[in-house]
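Thank you for making time for me this morning. I would like to walk you through some salt bridges and then the core, so please keep the picture in view while I talk.

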Amino acid sequence: PAWPLAQAVSADVRVAGRDTKVSVREAQIAGVVAGPSQVVVYDNGRYADITVAAAAEGGAALRFVRETPVNTSLPFITQDWAGAGHIAVNGQVIMPLKADDTTPALSVALDFTLDNFGLEMPSYRTQISDLVGEGRFELPHQLTGTFSGRMFGQATNIVASADADWLRFEMAGRLRPEDVFALVDSPALNVAQGEFEFDADLSIAMADGITNLAITTDFMGMAAELPGHLGKAAADAAPSEVDVQFLPDYQSVRWRYQVTQGWLHVADTVLRGAVGIASAPPVPSEDDTAVLVSGTLTKLDLSDWTDLEATGIEQPDNAATGLTLPVDWSLRDLRIEEFVIGELAFDDVVLDGAQHDGTVSFDLHGDDLQAAITLPPEGPLQLNIAKLVLPGSEATASFTNPVATNPVATTPTVSDPLSINIGRVLPPAQVS
């Protein structure tokens with residue numbers, strides 16, 4: 001864009017040969033209000049040397065960036081960004097007015113102060129408010145400074161830096177679980193509570209790189225109500241990493257948490273992904289649209305996954321019993337060292353399964369258990385058992401006590417290997 005017209009100018013003008021000096025008392029340009037400033041136009045209007053003192057509200061400052069040649073150096077500030085608060089600016093601008101080889105290039109060097117400044121950045125799923133601090137901006141994109149404010153309502157410290165290829169914002173503060181889901185534009189799962197400290201690095205590509213957000217945390221202060229090794233108490237540390245790449249058509253999210261690592265491609269919904277449990281993530285096929293899960297679990301207790309109050313995962317009205325998530329998934333060769341159903345335990349079970357259109361299905365393969373399970377959106381669980389080896393029962397043989405005055409033959413007792421308690425951990429089912 002070209003430089004916009006200065007308006008409402010109050011100034012003294014002095015013409016001296018080929019140069020013109022303008023002492024500005026007040027002026028407005030693209031919503032920015034200039035106070036006492038000086039403009040010297042050299043060589044019959046070849047270029048202008050401007051010493052400026054100005055102030056603007058947040059929205060006007062963004063408008064200035066978008067509607068002036070400064071936008072060429074900061075193209076990531078898009079039309080959907082919104083600003084609030086106050087910014088005061090002092091510095092120097094060299095503005096070319098004629099296009100030839102002898103005219104100096106555009107140069108901007110500005111010191112600025114933020115006061116309760118706010119930014120909404122929908123493209124990065126982020127909103128920052130109450131920013132205060134001092135910084136400096138020079139072309140092409142050299143932004144430096146130290147600031148404090150609030151992100152997701154929590155106190156956050158921000159340090160800005162830049163090099164030839166990147167503009168970086170290092171952040172340190174606190175987050176809640178729902179804030180992490182908001183960052184990746186994913187439906188929140190009600191599986192964790194609390195707050196935790198984090199460090200983050202938002203790196204905005206100024207050349208050919210991919211803009212990305214890297215978050216590290218130990219999740220101290222957050223309790224995760226997830227089954228087995230996935231859960232944690234608030235006092236436990238779980239060093240973890242989340243990395244978000246902002247691609248043109250979707251966001252690529254990678255993470256490492258507890259014994260899991262994986263990735264998701266997220267647009268308006270989760271497009272695809274893979275999760276590895278105690279292993280690297282599996283490789284899905286090109287046409288896969290579900291989240292593929294594989295790896296090894298030392299123990300899986302069925303009651304942990306069928307008890308909705310224990311998992312805390314909110315279910316839609318037509319959800320399959322206890323296991324429906326807001327994204328389709330599939331299990332491939334998930335190896336379970338100990339599979340527990342109530343008081344029964346089966347060793348070395350391989351689990352395959354999927355969720356599609358609200359229906360959840362599993363296939364279990366082991367030496368003592370081979371079965372297929374289907375959990376439809378409506379109706380009871382369907383269990384088809386091909387093989388089931390139960391623990392042996394102990395029987396006391398019938399005998400006659402020769403010492404007794406009146407010998408009585410005892411009746412052998414047999415314990416049922418299936419406890420009645422199993423019925424309490426299984427949902428209603430049709431069994432064949």
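Asp100, in this predicted model, is partly exposed, because its relative accessible area is 31% and the partly exposed class runs between 20% and 50%. Its partner in a salt bridge is Arg46, with N to O at 2.1 Å, and the pair links distant parts of the chain, since Arg46 sits in the loop between strand E4 (37-42) and strand E5 (47-57), while Asp100 sits in the loop between strand E6 (82-96) and E7, 54 residues apart. Arg46, for its part, counts as buried, because its relative accessibility is 17% and buried means under 20%. These two also belong to a network of salt bridges that links Arg18, Asp43, Arg46 and Asp100.

Let me turn to another pair, Asp111 and Arg136, which form a salt bridge whose closest N and O atoms are 2.9 Å apart. Asp111 lies in strand E7 and Arg136 in strand E8 (residues 126-138), so this bridge ties together parts that are 25 residues apart in sequence. Asp111 is partly exposed at 37% relative accessibility, and Arg136 is partly exposed as well, at 29%. By the rule used here, the model has 13 salt bridges.

Finally, the core: which residues have the most contacts inside the largest nonpolar core? They are Leu213 and Phe339, in a core of 96 residues, to which strand E7 (residues 107-121) gives the most, with 7 residues. Beyond its neighbours within four places in sequence, Phe339 is in contact with several residues, among them Leu300, Phe346 and Leu369.

Note on methods. Residues numbered from 1 in each chain as written. Predicted model: local features only at pLDDT ≥ 70, side-chain atom pairs only at ≥ 80, totals over all residues. Heavy atoms only, no water. Core = buried A, V, L, I, M, F, W, Y, C linked by side-chain atoms within 4.5 Å. Buried < 20%, exposed > 50% of the residue type's maximum accessible area, 1.4 Å probe, protein only. Helix = DSSP H or I, 4+ residues; strand = E, 2+ residues; numbered from the N terminus. Contact = heavy atoms within 4.5 Å. Salt bridge = Lys/Arg side-chain N within 4 Å of Asp/Glu carboxyl O.
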